[in-house]
Amino acid sequence: MQKADAVIIGAGAGLSTSAGFTYTGQRFEDNFSDFIRKYGFRDMYSGGFYPFESL
């Protein structure tokens, strides 16, 4: 690596969680209470997979 021109680091699923970012809790409830009431979301992650009827 000391002789390389560049180093590429890839990051994916789980990185935000390991840094302390949570998908539930007070911050989620404060910012997404309308979605919680309307769609019954329990966390931010499941909201990304909800089968909405339209865009």
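Colleague: How much accessible surface does the protein chain have, and what share of it belongs to carbon and sulfur atoms?

Modeller: In this predicted model, the accessible surface of the protein chain is about 5,200 Å², and carbon and sulfur atoms account for 55% of that area. Of the 55 residues, 5% count as buried, a label that requires under 20% relative accessible area.

Colleague: Which elements make up the protein chain, and in what order do they run?

Modeller: The protein chain has 3 helices and 0 strands, and the order from the N terminus is α-α-α.

Colleague: How do you know whether the protein chain is a compact globule or more spread out?

Modeller: The globule rule gives 10 Å for 55 residues, whereas the radius of gyration is 17 Å; this is well over the rule, and the chain is therefore more spread out than a compact globule. Along the principal axes, the C-alpha atoms fill a box of roughly 55 × 30 × 15 Å.

Colleague: What happens to helix α2 at F32?

Modeller: Helix α2, residues 26-39, bends there by about 85°. Just after α2, G40 adopts a positive phi of about 75°.

Colleague: What makes the pair of F21 and Y23 edge-to-face, stacked or tilted?

Modeller: The count of aromatic pairs comes to 13. For F21 and Y23, the ring centres are 5.3 Å apart, within the 6.5 Å limit, and the planes stand at 85°, which is over 60 degrees, so the pair is edge-to-face.

Colleague: Are F21 and Y23 buried, partly exposed or exposed, and why?

Modeller: The relative accessibility of F21 is 31%, which lies between the limits of 20% and 50%, so F21 is partly exposed. Y23 has 27%, and the identical reasoning makes Y23 partly exposed.

Colleague: Which residues form one aromatic cluster?

Modeller: The cluster is formed by F28, F32, F35, Y39, F41, Y50 and F52. Of these, F35 is found in helix α2.

Colleague: Why does F35 count as buried, partly exposed or exposed?

Modeller: F35 has a relative accessibility of 32%; being neither under 20% nor over 50%, F35 is therefore partly exposed. Its C-alpha atom is 17 Å from that of T22, and the two residues are 13 apart in sequence.

Colleague: Where is F49, and why is it called buried or exposed?

Modeller: F49 belongs to the segment after α3 (44-47). The relative accessible area of F49 is 60%, and this is over 50%, so F49 is exposed. Between F49 and K38 there is a C-alpha to C-alpha distance of 15 Å, for residues 11 apart in sequence.

Colleague: Which residues make a nonpolar surface patch?

Modeller: M1, V7 and I9 make a nonpolar patch of about 420 Å². One of them, V7, lies in the segment before α1 (15-18).

Key. Residues numbered from 1 in each chain as written. Predicted model: local features only at pLDDT ≥ 70, side-chain atom pairs only at ≥ 80, totals over all residues. Heavy atoms only, no water. Bend = angle between axes of the 7 residues up to and from the residue. Helix = DSSP H or I, 4+ residues; strand = E, 2+ residues; numbered from the N terminus. Patch = residues over 30% accessible without salt bridge, like charges linked within 9 Å, V, L, I, M, F, W, Y side chains within 5 Å. Areas by Shrake-Rupley, 256 points an atom, 1.4 Å probe, with all protein chains shown as cover. Salt bridge = Lys/Arg side-chain N within 4 Å of Asp/Glu carboxyl O. Phe/Tyr/Trp six-rings, centres within 6.5 Å; stacked < 30°, edge-to-face > 60°. Buried < 20%, exposed > 50% of the residue type's maximum accessible area, 1.4 Å probe, protein only. Rg over C-alpha atoms; globule rule 2.2 N^0.38 Å.
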